[in-house]
Amino acid sequence: RSCHRMVLDRTKNKIYVLGRYIEKQDQCDVETNDDDEDRNLIKPNDFFVFDLNSCTWKKLSDDVGADGGPPLLYDHALCVDEKYQVLYCYGGKPVLTPGPDEYAGFYSYDIMRDKS
C-alpha cells in the first residue's frame with residue numbers, strides 16, 4: 001500500500017486509513033468469461049481503523065465508493081473533527097480516472113454513527 005492517508009483520532013485513540021495507489025498494470029485484472037469477452041474487475045477503495053488500545057485492525061468498508069464515499073484515490077487529505085467525531089476526506093486523484101486534472105471532491109464520515 002502506498003500513497004494512502006491516515007489520521008489519528010486522539011479522543012478515541014484510533015487511526016483511520018483510506019486510499020492507495022495502484023500501478024497502471026495492476027489497476028484492473030482481466031478475466032475471461034464463457035463468451036471470451038473481457039471484463040474489468042476494478043479494485044475497490046477499502047477503509048480501515050486501527051485501535052491503539054487493543055492493537056487490532058478492523059475493516060470498516062470493503063468498497064467506500066459503493067457505500068457513498070470516494071472512489072479508490074491517492075494523494076488526498078484526511079482530518080478528524082474530534083469534537084463532533086467526523087472524519088473529512090478532501091481532494092486526491094481517483095486511481096481509475098484517465099484525466100490528469102480530475103480530483104475526488106469532499107467527503108465526510110460520521111465516526112459515531114459509522115456512516116459515510
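Begin by selecting Phe47, a residue of this predicted model that is buried, with a relative accessible area of 5%. Phe47 belongs to strand β5, which covers residues 47–51.

**Phe47 and its aromatic partners**

Keep Phe47 displayed and add Tyr109, in strand β9 (residues 106–110). Tyr109 is likewise classed as buried, because its relative accessibility is 9% and the limit for that class is under 20%. The two ring centres lie 5.0 Å apart with the planes at 90°, so the arrangement is edge-to-face. In sequence the partners are 62 residues apart, and the pair therefore links distant parts of the chain.

Now add Tyr16 to the selection. Together with Phe47 and Tyr109, Tyr16 makes up one aromatic cluster. Across the whole structure, a search finds 7 aromatic pairs.

Another of these pairs may be shown by selecting Phe48 and Trp57. Their ring centres are 6.3 Å apart and their planes stand at 90°, so this pair, too, is edge-to-face. Trp57 counts as exposed, at 55% relative accessibility.

**The nonpolar core**

Return to Tyr16 and Phe47 and add Leu87. Within the largest nonpolar core, which has 14 residues, these three touch the most other members. Colouring the chain by strand helps at this point: β2, β5, β7 and β8 each give two or more residues to this core. The greatest contribution is that of β7, with 3 residues.

With Leu87 selected, display its surroundings. Leaving aside residues up to four places away in sequence, Leu87 touches Val7, Tyr16, Phe47, Leu78, Cys79, Val80, Tyr107, Ser108, Tyr109 and Ile111. The list includes Tyr16, Phe47 and Tyr109, the members of the aromatic cluster. In soluble globular proteins, nonpolar side chains tend to be buried together.

**The salt bridges**

Next, turn to the charged side chains, where the count comes to 3 salt bridges. Side chains of opposite charge can pair when their charged atoms come close.

Select Arg5 and Asp75 to see one of them, with an N to O distance of 3.4 Å. Arg5 lies in strand β1 (residues 5–9) and Asp75 in strand β7 (residues 73–81). This pair links parts of the chain that are 70 residues apart. Both side chains are partly exposed: the relative accessible area is 27% for Arg5 and 43% for Asp75.

Move then to Arg10 and Glu82, whose side chains meet in a salt bridge at 3.2 Å, N to O. Here the partners are loop residues: Arg10 lies between β1 and β2 (14–18), and Glu82 between β7 and β8 (86–94), so the bridge ties together parts 72 residues apart in sequence. Arg10 is exposed, with a relative accessible area of 61%.

For the remaining bridge, select Lys59 and Asp62, in which the closest N and O atoms are 3.1 Å apart. Lys59 is partly exposed, at 42% relative accessible area, whereas Asp62 counts as exposed, at 52%.

**Confidence along the chain**

Finally, colour the model by pLDDT. The protein chain has a mean pLDDT of 79, and 73% of its residues reach 70 or more. Select residues 29–41, where the pLDDT is below 50. Beyond near neighbours in sequence, this stretch has 16 contacts in the model. Where pLDDT is low, the predicted coordinates should not be read in detail.

Definitions and conventions
Residues numbered from 1 in each chain as written. Predicted model: local features only at pLDDT ≥ 70, side-chain atom pairs only at ≥ 80, totals over all residues. Heavy atoms only, no water. pLDDT = per-residue confidence, 0-100. Contact = heavy atoms within 4.5 Å. Phe/Tyr/Trp six-rings, centres within 6.5 Å; stacked < 30°, edge-to-face > 60°. Helix = DSSP H or I, 4+ residues; strand = E, 2+ residues; numbered from the N terminus. Buried < 20%, exposed > 50% of the residue type's maximum accessible area, 1.4 Å probe, protein only. Salt bridge = Lys/Arg side-chain N within 4 Å of Asp/Glu carboxyl O. Core = buried A, V, L, I, M, F, W, Y, C linked by side-chain atoms within 4.5 Å.
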